[in-house]
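The report below is meant for a reader who is meeting this structure for the first time. It begins with a helix pair, then turns to the contact between chains and to the fold of one chain.

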Amino acid sequence: MPSYEVSIIAKSLAKTETVQVLKRVCQTIWNGEGVIKRVEHLGVRDTPYKMSSPDGQRWTQARYVLMDVDMSIPNSRTILSEVRKDFDVIRTNAIRLDQSFIRPCTSGRECEFGEISIDETKRKNWKRNKLKKTYMRTQNREK
Amino acid sequence: MSIIGKLLKYGVTFDSIECSRQALPVLDFVRWRKPRWVTRAKSKEFVLSKRHEYNTEETEWLRRTENHYRTQMKAIWQLIKLVPDQSLPNDLKKKADKEKIAKASWKEMEERMKDWNEQVAMIREAEQSKMNQQRQNKLLGWLNQEQLISEQFSEETLKRLQREKEAGFITPENVEQKLMESLETTADYEFALDKEGVRVINFDESTEKKQG
């Protein structure tokens, strides 16, 4: 399961009410077989422009929250679509996080001395892009 | 054929005669034919050619002999049709023998083919049984592998759940507590870093500096 950073812009409500809003969001993620690692609160801030919630109210201030979530790619869409139906959530979006490089020594594997092996998929993609670029260049020259 | 060709045919050589245009009209034996567009000569307009006279005795003899031949041949053909066994016994015998030989050879061939088919079937069945066994073994191996993987997966899932508990992930049991904790604190990422690693929160000089 890839890891995502889910950003939530909720209504600027009281703490007890926001807890319930975030609980509902957490429940939808768990229903979609997701794992919530961490929740971060960025405070109540001014929105860049007037934002409207699904129930039609206009908001100039909103509560910003970040969540580190692991979820499958097909389930991520359904989760987001369900979260967007919530009246107290103004905006949501998920950004996929790149897997940070972990040293083989720390992860328990044997140490690979010398050059670290690159994945074959990455190598193939790099080669394909390179070949495509060269091919386009040659075509342009011929023209 | 050209005139020179005719001359050569009759044995005339160019050494003997002066071959020139002046000399050619002299030769009478070369037939002169009337061109087609020229009309018939008036001297030959009403001329009738003599009728050919046949010899009557000869013609009668020829007719008689022909009739005799035809009757004889008719009789022979009728005889062949009526009595085939007596007239051509050898040919018929040969035919019958050929048929018998063909039948016998066909039977032999069938028997031989049966034997061959049996031999080939034995080999084929043995190979097929071997292939089936190999396939069965492969499938059983896969099934065993799948079982092992499922067992490992279940173990891994249990381990994962334990790890989540240890790492402090958010679960339905500790949701409210975690959310309240997170809402009490606010994280700020609106800052820059100096070369010395100092965290600059606002770019104005009047603001405070915090060490990161």
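## Helix packing and the chain contact

Helix α1(A) packs against helix α5 of chain B, which covers residues 175-184, at an angle of about 125°, and the two axes lie 10 Å apart. Because angles over 145 degrees would count as roughly antiparallel and those from 65 to 115 as roughly perpendicular, α1(A) and α5(B) are described as oblique to each other. The crossing in which α1(A) passes α5(B) is right-handed. These values come from a predicted model, and they should be read as computed from it.

On the side of α1(A), the residues that meet α5(B) are K15(A), T18(A), V19(A), L22(A), K23(A) and C26(A), while α5(B) brings V175(B), E176(B), L179(B), M180(B) and L183(B). Sorted by class, the residues of this helix-to-helix contact comprise seven nonpolar, one polar and three charged.

The contact between the two chains as a whole draws 15 residues from chain A and 14 residues from chain B. Within chain A, both α1 (15-31) and β2 (35-52) supply at least two residues each to the side that touches chain B, and β2(A) gives the most, with eight residues. The class make-up of two sets of residues can be set side by side.

| Set of residues | Nonpolar | Polar | Charged |
|---|---|---|---|
| Contact of α1(A) with α5(B) | seven residues | one residue | three residues |
| Side of chain A that touches chain B | eight residues | three residues | four residues |

## The fold of chain A

Chain A contains four helices and four strands, and, read from the N terminus on, its elements follow the order β-α-β-β-α-β-α-α. The four strands of chain A form an open sheet in the order β2-β3-β1-β4, with antiparallel pairing. At the edges stand β2 and β4 (89-96) of chain A, each of which has a single partner strand, so that one side of each is left without a neighbour in the sheet. From one strand to the next, the twist averages 20°.

Inside this order, strand β1 of chain A, residues 3-11, runs antiparallel to strand β3 of chain A, residues 58-70, and nine bridges join them. The residue of β3(A) that serves as bridge partner of S3(A) is D70(A).

Chain A has 143 residues, of which 19% count as buried. Among the contacts in chain A with a separation of 6 or more, 73% are between residues 24 or more positions apart.

Notes:
Residues numbered from 1 in each chain as written. Chains lettered and ligands numbered in written order. Predicted model: local features only at pLDDT ≥ 70, side-chain atom pairs only at ≥ 80, totals over all residues. Contact = placed C-beta atoms within 7 Å. Nonpolar A, V, L, I, M, F, W, Y, C, P; charged D, E, K, R; others polar. Axes fitted to C-alpha atoms, helices over the stretch in contact; angles between N-to-C directions. Parallel < 35°, antiparallel > 145°, perpendicular 65-115°, else oblique. Left-handed = near helix turned anticlockwise from the far one by under 90°. Pairing = 2+ DSSP bridges. Buried ≥ 20, exposed ≤ 12 C-beta atoms within 10 Å, placed from the backbone.
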